[in-house]
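Please walk me through this structure in plain terms, beginning with one helix and working outward.

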Amino acid sequence: MTLALRLRSGWAKRSRQEQLVYRLLLPVFVPLFFVATLPFLIAVYESLTSSSGAFVGLANFERALGNPALYTSLRQTAIYGLVVLPTEILLGLGIALLVHRTVSSPGVRAAIYIAAMVPIVIPQIAVGVVFRLVFAPDYGILNILLGSTGHEQILWLSTPALAMLSVATVDIWQWTPFVYLVLFAGLQAVPQETVEAAQVDGAGPWTQFRHIELVYLRPLLLLVLFFRLADVLRVFDAVYVLTGGGPGTTTEFLSLYLYRVGFRFSDLPQASALAVVVMAGMLLFYNAISRFLPAERA
Amino acid sequence: MRRRGILVRAMTYTALAAVFVFFGFPLLYLVSTSLKPRPELFVAVPTVLPRLPSLDAYAGVLFERGFAGLLLNSIVVGLAATTLAIVLAFAVTYPITRLPASRRTRTFVLDWALSLRFLPPIAVVVPYFTIVRAMGLYNQLPALIIVYTIFNLPLAIWMLKGFLQEIPLEVEEAAMSDGASRWQAFRMVLLPLSRTAILSAGVVVFAFDWAEFLFAFILTATPQAMTFPVGVQGLVTQFEIIWNDMAAGGVIAIAVPLMLMLVARRYVITGLTFGVIREK
């Protein structure tokens, strides 16, 4: 009773415009919030029941977390991220600096801008098609090149030691241009006067980078890392069509592992337990790192 | 000094050329393979360019394999889900950008949307699979439309928020002080001014819907509801790959977002970074 009263007086104190905010927002946002949260609730429910619907407590979580294959997939995902993220960022940064410092023609810059956009907008499945044509035995570009120099064929996607490197190359091919575009845009925003003043004071290219450009790029580097990290954790399509997670489990990253448990082995209770763990983990992870994002958010 | 400048320039362009070959050659080989007639696939050393270019592979994929139907599914799902996402995103962004919403409310909505971007689709698809089957929507286009709408909503919200913030509040206020209701000000002033916003957010969201694979792969089973990427996946993973068909499928899958990108190129990066990077 008192609570209701207090709520009502709080509501009355708001201006009509403020009231309108909630009158417009809530009817749309609350159902959306519910619909987006529903999968999580369903997953929690399913993770506590067996496939016949009986309540089994935490048994599914025990099976999910006790499965060594989970840790293999986490390790492979980590290796993948550790190969892909630094390479993309260094390569993208290098090309961005190169173009920024030496290409002055607006036409060439615009052409590079458009070209860099191409890999980014290619659907993941089509990226799989492209790299089938690169890595395949007999018909693949790489093996044709090897053949013309008299080498034997290499099975890029089905040799355990090479499969990880091959799928990492695919990721680097697709996403380095994204890093480039973001960082290049950042370099454009560095004030020219600051750079010139530093040059007058005798700053070399390295000093100029380290003490001026890097300062401006730092928030963007974090941003790139944020989005690329989210992508590494969800990588699926291209790897699925190229290696299917193999050979063995060498490229079975988190999403591919979850797919195998849920839809190859049709063990939906265990997959639900994994899904709950992954969703909860991602939200914690998101909360931990989102505060480092550029403050463009409100 | 001058000499050194030329040398640096030559090295730069050599490096850039190498970069272009690394990124461009695979795409060239894709297009060229899609144009090869079947006999050219079986020569001892495959050529880079087709000797007798033909469109056989495209006809084969679209009509003999029936991918034209999948293409239609992709377009229907994409258009419906994009429209829904933009309408809902507008309904969410309008109050938090055009009205005096508290900072907390605004941050809550935007943070919520951004956090959805972090969810791996595979974790969500497990419960979606259950829901969709329980609702009798398995292997039906409406299931994909609903799921795509929800999944790309965060992107739409962030893109629209960026655009709406830049339209001065005064334009609506002026209309309202001239006697227009808030609804009229929205419909006759803000909506026309948001045309670019709607179009570019729509294009980017449609491209995402078009490219989506995992949900479609798990929530559909037959060509009745399969989307184009699911069909292409079949061409890549089958035991004996027909190179030209696979490549033609790939080219079609790429062509649609590529054309859209040329229309909305100023907004692609904006979309991918949730509006943080703004091209001027």
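**A helix with a kink**

In this predicted model, helix α12(B) has a kink of about 25 degrees at B:Ala255, shortly before the proline B:Pro257. How far apart should the ends of α12 of chain B be? The helix runs over residues 243–263, and its 21 residues, at 1.5 Å a residue, should span 30 Å; the end C-alpha atoms are 30 Å apart, so the expected span and the model agree. Most of α12(B) is covered, since 15 of its 21 residues are buried, that is, 20 or more other C-beta atoms lie within 10 Å of the C-beta atom of each.

The next step is the stretch of chain B that has a database label. An unreviewed UniProt entry annotates residues 71–264 of chain B as "domain: ABC transmembrane type-1". In the model, the chain over residues 71–264 of chain B is 80% helix and 0% strand. The end C-alpha atoms of this stretch are 22 Å apart.

Now consider where the two chains meet. Chain B puts 77 residues into the contact, and chain A puts in 73 residues. On the side of chain B that touches chain A, helix α1 of chain B (residues 2–34) gives the most, with eleven residues. By residue type, that side of chain B consists of 60 nonpolar, eleven polar and six charged residues.

Chain A comes last. Its domain assignment gives domain 1, residues 2–35, and domain 2, residues 59–290. Taken over C-alpha atoms, the centres of domain 1 and domain 2 of chain A are separated by 43 Å.

Note on methods
Residues numbered from 1 in each chain as written. Chains lettered and ligands numbered in written order. Predicted model: local features only at pLDDT ≥ 70, side-chain atom pairs only at ≥ 80, totals over all residues. Helix = DSSP H or I, 4+ residues; strand = E, 2+ residues; numbered from the N terminus. Expected span 1.5 Å × (residues − 1). Bend = angle between axes of the 7 residues up to and from the residue. Buried ≥ 20, exposed ≤ 12 C-beta atoms within 10 Å, placed from the backbone. Contact = placed C-beta atoms within 7 Å. Nonpolar A, V, L, I, M, F, W, Y, C, P; charged D, E, K, R; others polar. UniProt positions renumbered as here; feature names shortened; annotations may be inferred. Domains from an automatic or database assignment.
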